[in-house]
Amino acid sequence: MAEVQALSAKNAEEAEALRIKYLSKKGEITALMNDFRSVPAELKKEVGMRINELKAAAQEKINALKEAACVQEAAAPGIDLTRTPYPIPLGTRHPLTIVKNEIVDIFSRLGFTLAEGPEVEDDWHVYSSMNFADDHPARDMQDTFFVETHPDIILRSHTSSVQARVMESTQPPIRVICPGRVYRNEAISARAHCFFHQVEGLYVDRNVSFTDLKQVLLLFAQEMFGPDTKIRLRPSYFPFTEPSAEMDVSCTLCGGKGCSLCKGAGWLEILGCGMVDPAVLEASGIDSTQYTGYAFGMGIERIANLKYQVKDLRMFSENDVRFLDEFVSA
Ligand code: DAH
């Protein structure tokens with residue numbers, strides 16, 4: 001016992017050496033405990049107590065020595081305890097997340113709420129309820145991934161499927177924004193990928209008109225690309241909207257004068273939109289004599305490309321830290 005109480009250590013390493021000497025698996029006190037079995041029965045109580053006391057005293061002493069050594073080392077000259085810590089390197093948000101959040105944020109300020117649907121969908125929500133007839137050639141517009149054993153189950157090829165999901169479970173007024181991943185059976189290249197991301201918007205209520213759509217999209221474009229941004233709507237075709245349009249914004253690089261980004265046109269196409277076809281409303285249980293609606297859909301990669309000039313789509317999914325680090329402050 002006296003030996004234990006007299007222990008001393010100049011630093012943390014010495015204190016650790018003492019722990020190993022006395023208390024580790026092969027330590028002296030541990031050896032005493034191992035020998036306990038051979039102590040005669042009448043002495044067991046007395047000896048047991050002593051060994052336990054010794055062990056507790058040794059633990060206490062060595063811990064105290066370690067603590068004292070730490071304090072001493074910390075206070076040693078050359079160590080500044082008031083120095084601010086080294087900055088912890090933070091991760092970055094993925095550029096697609098940054099752009100998605102920005103889109104969602106703009107529309108939530110206009111009263112849109114978030115809605116989501118499954119990526120593995122059925123044919124009804126992706127195509128039939130969206131007014132694609134069984135033999136409609138428009139189904140060829142998208143190259144679909146089918147689940148081999150269940151041809152009715154597919155990977156959604158657009159987020160318009162979430163429109164159907166929301167309408168079948170909610171009555172108007174509906175005002176939702178639906179971001180998500182979509183899949184198309186395309187060869188992977190700098191300009192195409194087998195998965196990408198879209199944001200869908202849907203507004204259904206009484207007396208919703210094309211003017212409302214145009215106004216909301218203008219506001220979105222100006223919030224996203226700057227207050228001087230202009231928009232242009234060109235007539236187009238989608239099975240689920242009538243009339244349908246594609247929207248261009250004035251070039252984000254040259255402002256409309258014509259440059260290499262807009263290939264001299266001054267305009268960049270960014271989304272599809274239109275008035276929800278009455279057949280689509282009816283297919284999801286909404287009375288088309290009472291309600292009208294507008295919808296729009298855009299690719300997040302496309303918008304991110306325009307904002308950040310990313311030349312190769314594959315960079316978005318390769319997770320190269322050198323690429324991701326460029327978005328550190330965004
Ligand atoms: N679903 C279309 C696509 O994937 C995008 C789209 C166009 C969505 C027009 C809409 C819309 O809601 O009204 O290309």
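This is a short talk on a predicted protein model with a ligand bound to it.

Okay, hi everyone. Keep in mind throughout that this is a predicted model, not an experimental one.

Let's start with the overall layout. The domain assignment splits the protein chain into two parts: domain 1 covers residues 2-74, and domain 2 covers 95-327. How far apart do the C-alpha centres of domain 1 and domain 2 lie? They're 71 Å apart.

Now, the ligand. You'll find the ligand in the largest pocket. Looking at which elements give two or more residues to the shell around the ligand, we get one helix and three strands: α7 (160-169), then β6 (195-205), β9 (267-276) and β10 (292-299). In total, 16 residues surround the ligand, and the closest of them are H158, S160, R184, Q198 and E200.

What's the mix of classes in that shell? Nine residues are polar, five are nonpolar and two are charged.

Let's zoom in on some contacts. H158 has a polar side-chain atom 3.0 Å from a nitrogen atom of the ligand. S160 puts an N or O atom of its side chain 3.0 Å from a ligand nitrogen as well. Then there's Q163, where a polar side-chain atom lies 3.2 Å from an oxygen atom of the ligand. And how much of the ligand does the protein bury? On its own the ligand would expose 350 Å², and the protein buries 91% of that.

Last topic: a few backbone details to look at on your own screens. P172 and P173 are joined by a cis peptide bond, with omega at about 0°. P173 is in the loop that runs between α7 and β5 (174-183), and α7 is one of the elements we just met around the ligand.

There's another cis bond from E242 to P243, this time with omega near -5°. Where does P243 sit? That one is in a strand, β8, residues 241-250.

And then N207. This residue isn't a glycine, yet its phi is positive, about 60°. N207 is in the loop between β6 and α8 (210-225), and β6 is another of the elements that contribute to the ligand shell.

That's my tour, thanks for listening.

Notes: Residues numbered from 1 in each chain as written. Predicted model: local features only at pLDDT ≥ 70, side-chain atom pairs only at ≥ 80, totals over all residues. Heavy atoms only, no water. Domains from an automatic or database assignment. Near = heavy atom within 4 Å. Polar contact = N/O pair within 3.5 Å; in protein donor to acceptor, adjacent residues only side chain to side chain. Areas by Shrake-Rupley, 256 points an atom, 1.4 Å probe, with all protein chains shown as cover. 1 Å grid on protein atoms, 1.4 Å probe; cavity = no way out; pocket = protein on both sides within 12 Å on 5 of 7 lines; lining within 4 Å. Sits in = over half its atoms within 2 Å of the grid points. Helix = DSSP H or I, 4+ residues; strand = E, 2+ residues; numbered from the N terminus. Nonpolar A, V, L, I, M, F, W, Y, C, P; charged D, E, K, R; others polar.
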